[in-house]
Amino acid sequence: MKEIQKEELATITATALKNQDLLQQLNSRPASQKEIHHVLNDVTGQKIDDSVEIRLPIRSDYGANLKIGKQVFINSGAMFTDLCGIELEDKVLVGPNVTIISVNHPLDPEKRHGVELKAVLIKENAWLGANATILPGVTVGENAVVAAAAVVSKDVPANTVVAGVPAKVIKKIGGE
């Protein structure tokens, strides 16, 4: 688990506010994929590949720690809480209103206003169904499917389908 030092907080806050403003402006008007990529290049600090397709609105609380691979599809309403980092490898599909979170708060009431940071990795060709929530520290394996409305709190093995709250493996993919 990564911790934020007090001296980092001002820089993080400035970046978050700048990126939230960029995304709010983008989400408030019609935009081509080229325009969406241009804004996300600024928000993420990386070149978004031309093969990436994104439906607006797209939201993030930070943006600078979001990494998007090639041939990724992100449907409308996706939320990326990426302070500790979220990586979408190539060919990932993100359904509408998916939430991916890399930040949590401690359970201890005395420490609750602090944060706990755990990166999230969505491996190649994974599919996150509509309204799924991926919690901090989770890796979703290659070719895995997260069913609609699932809440994923533990790693998802490759080539499996998970569903439910909390999500559990309900099926293996292939070789049936």
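User: Which residues is Leu 88 in contact with, leaving aside its neighbours within four places in sequence?
Analyst: In this predicted model, Leu 88 is in contact with Lys 67, Ile 68, Gly 69, Val 72, Ile 74, Phe 80, Val 94, Ile 100 and Ile 122.

User: And which residues touch the most other members of the largest nonpolar core?
Analyst: Leu 88 is one of them, together with Ile 74, Ile 100, Ile 122, Ile 134 and Val 140; the core has 37 residues.

User: Which elements give two or more residues to this core?
Analyst: Two helices, H1 (6–27) and H2 (33–44), do so, as do strands E3 (66–68), E5 (78–81), E6 (86–88) and E11 (120–122). H2 gives the most, with four residues. There is also a second, separate core of seven residues, with Ala 16, Leu 83, Cys 84 and Val 103 among them.

User: Turning to the sheet of seven strands, what is the strand order?
Analyst: The sheet is open, with mixed pairing, and its order is E1-E4-E7-E12-E15-E17-E18. Strands E1 (53–54) and E18 (168–172) each have a single partner strand, so one side of each is left without a neighbour in the sheet.

User: How does E15 pair with E12, parallel or antiparallel?
Analyst: E12 and E15 pair in the parallel sense over two bridges, and Trp 127 stands opposite Val 145. E15 also runs parallel to E17, joined by two bridges, where Val 146 has Val 162 as its bridge partner.

User: What about E17 and E18, in which sense do they pair?
Analyst: Their pairing is antiparallel, over four bridges, with Thr 160 opposite Lys 172. Their hairpin has four residues between the strands, and Gly 164 takes a positive phi near 100 degrees.

Note on methods
Residues numbered from 1 in each chain as written. Predicted model: local features only at pLDDT ≥ 70, side-chain atom pairs only at ≥ 80, totals over all residues. Heavy atoms only, no water. Pairing = 2+ DSSP bridges. Core = buried A, V, L, I, M, F, W, Y, C linked by side-chain atoms within 4.5 Å. Buried < 20%, exposed > 50% of the residue type's maximum accessible area, 1.4 Å probe, protein only. Contact = heavy atoms within 4.5 Å.
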